[in-house]
Amino acid sequence: EQVTDHALELRAADGSVRTFAVNATPVIDPRGRVRGALASFEDVTRLQQQNAELQRTLAELEESRHSIEQNNAELRYLATRDPLTGCLNRRAFFEAFESALEDARAKGEELCCAMIDIDHFKQVNDKFGHGTGDRVIAFVAETIRLSVRASDVVGRYGGEEYCVIFPARTV
């Protein structure tokens, strides 16, 4: 019977392994009897080595792509977040606001915005120091984030000022 591209590995006297693609076709006489076989051997060792190298390179590229995507996601996060509070920074907040406003207009919905300010914050810094002031800012930001829905947007607007945008719909 006919055989096509059968892989055959042979070990040479030096220990190296060669790979051949073997094709065989029966030789049939006029009466339909098999009289022999015609076989061809193609050395595909180099092709297999190149394919293996290509697979390794593709795996490395995929790993590199994944790493780059993770790094880009981290950079996007860092570029849009206030480092002290984890809230959106002012620039990212304005971008989120514009997007939310367009979405609300397109859907014919209302959009709400709350401004929050820590009154007399300068006195906290003056009396207890900037380290304590930073902890107060971070605590207030965390309290705000825990008090809103996941779909609401919290941004640090200024030093001790925050802004929250949320659609005017029920939970």
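Two residues are in contact when heavy atoms of theirs lie within 4.5 Å. The exercises below concern a predicted model, in which local features need pLDDT of at least 70 and side-chain atom pairs count only at pLDDT 80 or more, while totals for chains, interfaces and linings use all residues. Residues are numbered from 1 along each chain as its sequence is written, and side-chain values use heavy atoms, with hydrogens and water left out.

**Exercise 1. Describe the surroundings of Thr85.**

Step 1. Locate the residue. Thr85 belongs to the loop between α1 and α2; helices (H or I, at least four residues) and strands (E, at least two) are DSSP runs, numbered from the N terminus.

Step 2. Assign its accessibility. The relative accessible area of Thr85 is 6%, so the residue is buried. The classes are buried under 20% relative accessible area, exposed over 50% and partly exposed in between, with a 1.4 Å probe and protein chains only.

Step 3. List the contacts. With residues up to four places away in sequence not counted, Thr85 touches Ile137, Ala138, Ala141, Arg145, Arg156 and Tyr162.

Step 4. Add the polar contact. The side chains of Thr85 and Asp82 make such a contact at 2.7 Å. A polar contact is a pair of N or O atoms within 3.5 Å; within protein, one must be able to donate a hydrogen and the other to accept it, and residues adjacent in sequence count only if both atoms are side-chain atoms.

**Exercise 2. Characterise Arg156 and Gly155 in strand β5.**

Step 1. Begin with Arg156, which lies in strand β5 (residues 153-156). Its relative accessibility is 15%, and Arg156 therefore counts as buried.

Step 2. Find its polar partner. The side chain of Arg156 joins that of Asp82 in a polar contact of 3.0 Å.

Step 3. Examine its wider contacts. Leaving aside neighbours within four places in sequence, Arg156 is in contact with residues including Leu84, Thr85, Ile137 and Tyr162.

Step 4. Turn to Gly155, also found in strand β5. At 0% relative accessibility, Gly155 counts as buried.

Step 5. Compare sequence and space. Gly155 and Thr85 are 70 residues apart in sequence, and their C-alpha atoms are 9.1 Å apart. Beyond four places in sequence, Gly155 touches Cys87, Leu88, Phe93, Glu161, Tyr162 and Cys163.

**Exercise 3. Analyse three of the salt bridges.**

Step 1. Establish the total. The structure contains 12 salt bridges, each being a side-chain nitrogen of Lys or Arg within 4 Å of a carboxyl oxygen of Asp or Glu.

Step 2. Consider Asp43 and Arg18, whose side chains form a salt bridge with an N to O distance of 2.5 Å. This pair links distant parts of the chain, 25 residues apart: Asp43 is in strand β3 (residues 34-43) and Arg18 in strand β2 (residues 17-28). Asp43 is partly exposed at 36% relative accessibility, and Arg18 is partly exposed at 36%.

Step 3. Consider Glu69 and Arg65, where the closest N and O atoms are 2.3 Å apart. Both residues lie in helix α1 (residues 45-80), 4 residues apart, about one turn of the helix. Glu69 is partly exposed at 40%, as is Arg65 at 37%.

Step 4. Consider Asp29 and Arg33, which meet at 3.2 Å, N to O. Asp29 is buried at 13% relative accessibility, whereas Arg33 is partly exposed at 43%. A network of salt bridges links Asp29, Arg33 and Arg35.

**Exercise 4. Classify the ring pair of Phe94 and Tyr157.**

Step 1. Recall the criteria. Rings of Phe, Tyr and Trp (its six-membered ring) pair if their centres lie within 6.5 Å; planes under 30 degrees apart count as stacked, over 60 as edge-to-face and the rest as tilted. The count by this rule is 2 aromatic pairs.

Step 2. Apply them. The ring centres of Phe94 and Tyr157 are 5.9 Å apart and the planes stand at 75°, so the pair is edge-to-face.

Step 3. Place the pair. Phe94 is in helix α2 (residues 90-107) and Tyr157 in the loop between β5 and β6 (161-167), 63 residues apart, so that the pair links distant parts of the chain.

Step 4. Complete the picture. Phe94 is partly exposed at 36%, and Tyr157 is partly exposed at 24%. Ring pairs link Phe93, Phe94 and Tyr157 into a cluster.
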